[in-house]
Structure formats: C-alpha cells, structure tokens
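Here is a short report on one protein model. Start with the picture, then read on.

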Amino acid sequence: MKEILFVNACMRGQDLSRTWRISQAFFQACKERWPDAVITERNLTGCDLPVLSGPMTDERDRRFQTDPHAPMFQPAWEMSRADLVVVAAPYWDLAFPAALKIYLEWASVLGITFHYTEQGAQEGLCKAGDLVYITTSGGPIGDSNFGFQYLQGLGKMFGIPRAHCLTVEGLDVWGADTDALMAQGAQRAQELAATL
Ligand SMILES: Cc1cc2nc3c(=O)[nH]c(=O)nc-3n(C[C@H](O)[C@H](O)[C@H](O)COP(=O)(O)O)c2cc1C
C-alpha cells in the first residue's frame, strides 16, 4: 500500500486557495493510479506547531534519547515513512508561508529523517523516491522559485532523490484568464501523477 503524505500549507483554506485546488487534481489522478493509496494530510493552515526555539531544540535532543515516538517527533516520522511526499503551498514573498518552514524544522530530526555515517557524511533516512511541490503565484516566478529549490535541497538531505515542481503562474495578473490557467494546471497535475 502506498502512503502519500500531503503537507498542506494552503493558508487561505480549501474554499479560496487555488493551490489547494490544483493539489486536489493531482490527488484525483493519484487515486486513479493507486486506488489503495492512503493519503495522510498534515494541515498547516491552523499553524499549530510552535516556532522551534533554542531551548526547544535542546529539549528535543534530550527527549529523543528517551522517547523517540513522543508527539513532537510525529512530523519527522510521517516524513520518513511516506512513499510519496506532496507539498502544496502558495507562492508567498518569493517562497512559501512561514508555517511550512516551521513544519520542515520539526520534520528535520537527526536519527529520523537523516543521520551521519561513521565517516561523517550526511545521509537521508526517508523512504520516498519523489517529492512533488505544488504552488500557484500572482505573477511570473521566473528564476525565483526559491521555495521549490529549498524543498528540493531538503528532500535530498532526507534521502528523497527526485523533486518535481508544478506551478500555475500569473493568476493575479490583470486580465488573466484564470479559469484557463487553472484548467491547464489541473491537466499538468494529472500528467505529472502519471509519470511517477
Ligand atoms: C502574503 C502573500 C505574499 C505573496 N507573494 C507573492 C510574490 O512574491 N509573488 C507573486 O507572484 N505572488 C505573490 N502573492 C500572490 C499569490 O502567490 C497568489 O495569489 C497565489 O495564487 C495564492 O495562492 P492561493 O490561492 O492558493 O492562496 C502573494 C500573496 C500573499 C497573500
């Protein structure tokens, strides 16, 4: 059975978020492709994870020694066991909403999502072969796809070798045919699912 982790950083919620709508087109195609797949959603729109402070990182290191399955390690365990990781986040200020960064810090745990070999090399511990990053933007993204670049790098650190980016751009440009752009995006989402 395929486990798909859906990291939902579509902060405007299901009713308003275009990014969320594109993610659903992708999941529709996933369900057709892998009918038994289980999609686990990590919904970040409530922003309920605390900002990782210095004392909290110390507490996290201490707790890992005695209780590695404590709730604070849940983001890391879900990341490490997923077969496919799908991140949906709107393009905010050249990257993504802060709630996603907070989540990714909680998902980056030495001994769960990555570790160091005896030779001192960093090695990923996650199972997924692919990470899919879905975003929509008001204008063109061009070379400034920093959110995706970061996820691609972090995915490599976690041992996820391939990262794919799906964008729908220019949705807030005056006069843009948003319905057509969204329909093209949904089509590309389905095509991407077919390639995985
Ligand atoms: C806080 C904020 C920051 C944004 N920053 C950018 C930006 O840097 N570049 C851009 O093209 N659009 C930017 N936008 C527009 C969004 O990327 C665009 O409206 C997107 O489709 C929103 O996705 P959503 O419908 O899933 O919420 C921003 C919007 C918000 C609310």
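## An exposed loop residue

L94 is exposed, because just 11 other C-beta atoms lie within 10 Å, and the cut-off for exposed is 12 or fewer. This residue belongs to a predicted model. Find L94 in the loop between β3 and α4 (98-107). Its backbone deserves a look too. L94 is not a glycine, yet its phi is positive, at about 70°.

## Another positive phi

C47 is also a residue other than glycine with a positive phi, here near 50°. Look for C47 in the loop between β2 and α2 (54-66). Is C47 buried, partly exposed or exposed? C47 counts as partly exposed because 15 other C-beta atoms lie within 10 Å. That label fits because a residue is buried at 20 or more such atoms and exposed at 12 or fewer.

## The sheet

Now turn to the strands. Five of them make an open sheet. Their order is β2-β1-β3-β6-β7, and the pairing is parallel. Which strands sit at the edges? They are β2 (38-43) and β7 (162-168), and each pairs on one side only. On average, neighbouring strands in this sheet are turned by 15° against each other, with direction ignored.

## Strand β1 and its partners

Strand β1 covers residues 3-8. Five of its six residues are buried, so the strand is mostly covered. On one side, β1 pairs with β2 in the parallel sense, over six bridges. In this pair, E3 stands opposite V38 of β2. To get from β1 to β2, the chain passes through helix α1 (residues 18-33). This β-α-β crossover is right-handed.

β1 also pairs with β3. Again the sense is parallel, and here there are five bridges. One pair to find is L5 and its bridge partner in β3, V85.

## From β3 to β6, and a helix across

How many bridges join β3 to β6? Five bridges link strand β3 (residues 84-88) to strand β6 (residues 130-136). The two strands run parallel. Look at V86 for an example: its bridge partner in β6 is V132.

End with a helix. Helix α6 spans residues 178-195. It lies across β6 and β7. Relative to β7, helix α6 runs at about 165°.

Terms used. Residues numbered from 1 in each chain as written. Predicted model: local features only at pLDDT ≥ 70, side-chain atom pairs only at ≥ 80, totals over all residues. Pairing = 2+ DSSP bridges. Helix = DSSP H or I, 4+ residues; strand = E, 2+ residues; numbered from the N terminus. Axes fitted to C-alpha atoms, helices over the stretch in contact; angles between N-to-C directions. Contact = placed C-beta atoms within 7 Å. Right-handed = clockwise from strand over helix to strand, strands pointing away.
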